Amino acid sequence: MSTTRSDGGPGAGRHGDGARPPHPTETPHPPQVTEADLDAMSQEQLARLAANLDDVEVVHNANPWPIAGTRAEKRAERAVTMWFLIAALCGLAFLLAFLFWSHEYRAPGDPGYVMYALYTPVIGITLGVGILALGVAVIQYVKKFFPDEVSIQQRHDGPSDEVARRTVIAQLTQAGKDTGIGRRGMILGTAGLATGVFAIGLGIAAVAPLVRNPWKGGPDAALWHTGWRPVNGETVYMRYDTGDPTEIALVRPEDQEPGSVMTVFPFRESERGNESALLNGVRRADNPTMLIRLRPGTVFVPAPGHEGLNYGDYVAYSKVCTHLGCPASLFESQTNRILCPCHQSQFVASEHARPVFGPAARPLPQLPITVNDEGYFVATGDFDGPVGPAFWEMGKI
Ligand code: FES
């Protein structure tokens with residue numbers, strides 16, 4: 001068997017054209033190793049040979065726990081185990097929450113709203129803490145159990161040869177052996193548990209959206225309706241938010257300048273004095289609506305089959321962008337463009353908010369409006385399409 005050592009100097013490595021010839025006392029590089037040599041080598045020798053083949057010289061290698069089974073070593077092992085265990089528990093909690101927590105949309109005030117509102121924080125926190133714990137566990141393991149090693153490697157090009165390929169596995173195995181992972185059953189078990197749970201969770205998370213049916217519930221599915229939906233024939237007024245949810249500020253046509261936009265929310269007389277209902281009116285995610293007064297003389301072009309939703313120069317559109325749900329609330333009155341600042345989608349307010357630029361593919365849903373006998377704006381129905389992103393399977397109106 002030939003033993004080798006890289007001198008770490010500029011002449012080490014594979015000698016190409018122009019390189020200085022090896023000194024008679026130097027070991028040639030790469031070392032000449034026969035198959036019989038390889039068969040005769042122990043795993044440790046193969047690992048060292050692998051390093052040598054890569055022009056790596058191990059200058060210093062110290063086992064952090066030269067005496068096995070000390071109290072300090074066990075303490076370190078318990079710390080790593082604890083982090084893996086936390087990761088596994090969080091992964092399991094994420095999985096259970098993702099599968100069984102109430103995720104169906106609930107409007108504020110509806111039964112089950114609190115659980116629905118907690119869905120995203122719960123899956124976010126369990127996944128985030130789980131990944132954090134997994135990362136801390138791996139870092140702790142490397143810091144506490146990997147040998148304290150200093151190596152010098154020379155740079156060289158070209159593909160690995162047969163000897164290198166055969167020895168690299170031995171090198172990796174030896175690295176595992178050096179850290180004593182084989183005899184740390186507790187760490188191995190919890191690490192396997194944590195990574196297994198996460199692998200299952202991420203697999204299910206990737207597939208589940210393909211299985212869930214957004215149309216469950218038919219025409220009454222929550223995603224079809226907003227707070228503008230008429231209930232029991234009660235008039236749905238437009239109000240704007242003064243900052244005090246209990247203050248009712250209804251909207252009349254003369255409240256708006258030509259070429260301006262106002263964000264409005266639904267209001268019913270039955271909600272007057274009901275603080276929670278009034279608060280929900282301005283909080284519900286699909287309620288915010290842009291009431292736009294086009295400049296005089298602007299010709300409004302309705303979507304085919306959706307005529308009569310505007311009131312003269314006034315049009316009302318959902319403020320929730322049909323791309324990814326940002327508030328599309330920038331209105332440029334000269335061009336009649338509504339701009340979503342997130343990814344720059346643009347919609348033409350005078351043409352039923354059809355998208356003309358950016359990633360949004362669907363118009364902003366339009367709210368049918370009119371002015372009642374008292375001179376206030378009211379909605380005569382819910383939006384003419386589902387609000388917000390998703391619904392990617394729907395064609396353009
Ligand atoms: Fe509006 Fe992306 S969310 S353009």
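**Exercise 1. In which loop is A353 found? Work out its burial and its backbone angle too.**

Solution. Keep in mind that this is a predicted model.

- Step 1: Place the residue. A353 sits in the loop between β9 and β10.
- Step 2: Look at the backbone. A353 is not a glycine, yet its phi is positive, at about 55°.
- Step 3: Count neighbours. The cut-off for buried is 20 or more other C-beta atoms within 10 Å. A353 has 29 of them, so it counts as buried.

**Exercise 2. Do the same for N336: which loop holds N336?**

Solution.

- Step 1: N336 belongs to the loop between β7 and β8.
- Step 2: Its phi is near 60°, again a positive value in a residue other than glycine.
- Step 3: Within 10 Å of N336 there are 20 other C-beta atoms, so N336 is buried.

**Exercise 3. Sketch the sheet that contains β7, β8, β9 and β10. What is the strand order?**

Solution.

- Step 1: Write down the order, β7-β8-β9-β10, for an open sheet of four strands with antiparallel pairing.
- Step 2: Mark the edges. These are β7 (330–332) and β10 (354–357), each pairing on one side only.
- Step 3: Add the twist. On average, neighbouring strands here are turned by 35° against each other, direction ignored.
- Step 4: Zoom in on the β8 and β9 pair. Residues 337–339 (β8) and 346–348 (β9) are linked in the antiparallel sense by three bridges. For one of these, find L339 and go across to Q346, its bridge partner in β9.

**Exercise 4. Now take the sheet of six strands. Which strands stand at the edges, and why is one side of each left without a neighbour?**

Solution.

- Step 1: Read the order off the open sheet: β6-β5-β4-β3-β12-β11, with antiparallel pairing.
- Step 2: Check the ends. β6 (314–318) and β11 (369–371) each have a single partner strand, so one side of each has no neighbour in the sheet.
- Step 3: Go from strand to strand and the twist averages 40°.
- Step 4: Inspect the β3 and β12 pair. β3 (residues 236–240) and β12 (residues 377–379) run antiparallel and are joined by two bridges. To find your way, start at V236 and cross to A379, its bridge partner in β12.

**Exercise 5. How many bridges pair β1 with β2, and how many residues of β2 are buried?**

Solution.

- Step 1: β1 (residues 56–62) pairs with β2 in the antiparallel sense over six bridges.
- Step 2: Pick out a partner pair: A62 bridges to D148 in β2.
- Step 3: Check the cover. β2 (residues 148–153) has six residues and a buried count of zero, so the strand is hardly covered.

**Exercise 6. Which residues does T167 contact, leaving aside its neighbours within four places in sequence?**

Solution.

- Step 1: Locate T167 in helix α5 (residues 162–178).
- Step 2: T167 has 26 C-beta neighbours inside 10 Å, so it counts as buried.
- Step 3: With the sequence neighbours set aside, the contacts of T167 are L46, L49, A50 and L53.
- Step 4: Take A50 from that list. A50 and T167 are 117 residues apart along the chain, but their C-alpha atoms are separated by 5.2 Å.

**Exercise 7. Zoom out: how many helices and strands does the protein have?**

Solution.

- Step 1: Count seven helices and twelve strands.
- Step 2: Turn to burial: 28% of the 397 residues count as buried.
- Step 3: Finish with contacts. Take those between residues at least 6 apart in sequence; 66% of them join residues at least 24 apart.

Conventions: Residues numbered from 1 in each chain as written. Predicted model: local features only at pLDDT ≥ 70, side-chain atom pairs only at ≥ 80, totals over all residues. Pairing = 2+ DSSP bridges. Axes fitted to C-alpha atoms, helices over the stretch in contact; angles between N-to-C directions. Buried ≥ 20, exposed ≤ 12 C-beta atoms within 10 Å, placed from the backbone. Contact = placed C-beta atoms within 7 Å.
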